[in-house]
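Welcome! Take a moment to look over the structure below, and then we will walk through its cavities and its sheet together.

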Amino acid sequence: MTTPNLSRRRALAATLASALAAALPPVRGARAGTESVLRIGYQRNGILAVAKDQGVVESALKPLGLEVRWVEFSYGPPLLEALGLGAVAFGQTGDAPPIFAQAAGADIVYAAAQPKGGSGSAILLPPGSEIRTLADLKGRRVAFAKGSSAHNLVVAALEKAGLSYRDIEPVTLAPADAAAAFSRGSVDAWTVWDPYFAIAEAGAGVRVLAQAAEITPTNNFFLANRAVAQAQPAAVAAIVAVLGQVATWCEGNRGSVAASLSRATGVPLDPMQRAVGRIRFTIAPMAPEVTAEQQRIADRFHGIGVLPRPVRVADIVWAPPGAPGNG
């Protein structure tokens, strides 16, 4: 006989699997942005997803003779790999992926920031968990996507609890695989972002151990392939400008944003409304304090031996045409 908990877990796994697709492989062929087509990597949430739905990036780039092709990814690290290789020209991720990409020598630059835009992430506990505090994670199997913002949240949470990275058993899985493992009860905790977070937290018996806002600042970033930013700075500046307009619209139209993203993703409206409610829709230049926070994250990863070499975040901060120091 199937137990109620197992039935609920299977239902949760089915919902997650059907609602959210896996990452597409990088686009092969000519380097992104070197011809008349500019490829943009996006995930099914946030400002870029809304911009895709509205068609505003296409309108902004048309006067520059550029067409837009959208390439979908399920999370940041594969997107950054494609960006570094030039398979896409522009994209958005959380805080950790650009750091790992820079350490790996990826040819990328920070084009803009979304300060505190990634607060919709959390450490989740499955039904029946005995874990009550962050300190209780010691010796536990914690799932997260390697090199993602969830990875950073785990490390920061352990620091807050007085634990080290060696005190847990990291289980590095892509979001869809982690969702399945969480639903089976084969991991003790799962750290993930919206809309995965919003879907999973609605599961019967699922508990939130801690949200990102309680642990560490969580910024998002808009990045460009360095070669594209150098060859077509007006295009990158135009994308950032129009995304700023989209962000302003999103702040005042959250209900419409949730409805749009729900249609695009297949995620039910209720969890999507929760996810949208946690987003801070804003775009800003890479302010010194944002760059400094990103550097702290890089130093944190290098300090625990996860990042292969130290990086200097300021080295890949892009300045738009006409900005001070650009001549």
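## Empty space inside and the sheet

By class, the residues lining the largest cavity comprise 22 polar, twelve nonpolar and four charged ones. Keep in mind as you read that this model is predicted.

Let us stay with that cavity for a while. The largest cavity is lined by 38 residues. Which residues lie nearest its centre? They are Gln43, Asn45, Trp193, Asp194 and Asn220. Three elements, β1, β3 and α6 (149–160), each give two or more residues to this lining. Among the elements, α6 has the largest share, with three residues.

How many cavities of 30 Å³ or more does a search of the whole structure find? The search finds two. How does one look for such spaces at all? Rolling a probe the size of a water molecule over the atoms shows where empty space is left.

The second largest cavity is lined by Ile123, Leu137, Val142, Val154, Ala157, Leu158, Ile168 and Thr191. Here, too, α6 gives the most to the lining, with three residues. The table sets out both cavities.

| Cavity | Volume | Nonpolar lining residues | Polar lining residues | Charged lining residues |
|---|---|---|---|---|
| Largest cavity | about 540 Å³ | twelve nonpolar | 22 polar | four charged |
| Second largest cavity | about 30 Å³ | seven nonpolar | one polar | no charged |

Now turn to the strands. In what order do the five strands of the open sheet stand? Reading across, the order is β2-β1-β3-β10-β4, and the pairing is mixed. At the edges you will find β2 (67–72) and β4 (108–114), each of which pairs on one side only. From one strand to the next, the twist averages 25°.

Look more closely at edge strand β4. Its partner β10 (residues 220–225) is joined to β4 by six bridges, and the two strands run antiparallel. To follow this pairing by eye, start at Val109, which stands opposite Ala224 in β10.

A helix also belongs in this picture. Helix α4 (residues 76–85) lies across four strands of the sheet: β1 (37–42), β3 (90–93), β4 and β10. Relative to β3, helix α4 runs at about 155°.

You can now link the two parts of the tour. Strands β1 and β3 give residues to the lining of the largest cavity, and helix α4 lies across both of these strands.

Technical notes. Residues are numbered from 1 along each chain as its sequence is written. This is a predicted model: local features need pLDDT of at least 70, side-chain atom pairs count only at pLDDT 80 or more; totals for chains, interfaces and linings use all residues. Side-chain values use heavy atoms; hydrogens and water are left out. Two strands pair if DSSP finds at least two bridges between them. Axes are lines fitted to C-alpha atoms, for helices over the stretch in contact, and angles run from 0 to 180 degrees between N-to-C directions. Contact means heavy atoms within 4.5 Å. On a 1 Å grid over the protein atoms alone, a cavity is a set of points where a 1.4 Å probe fits but cannot get out, and a pocket is an open set with protein on both sides within 12 Å along at least five of seven lines; lining residues have an atom within 4 Å of a point. Grid points are joined across faces, edges and corners, and a volume is the space filled by probe spheres set on the points. Ala, Val, Leu, Ile, Met, Phe, Trp, Tyr, Cys and Pro count as nonpolar, Asp, Glu, Lys and Arg as charged, and the others, Gly among them, as polar.
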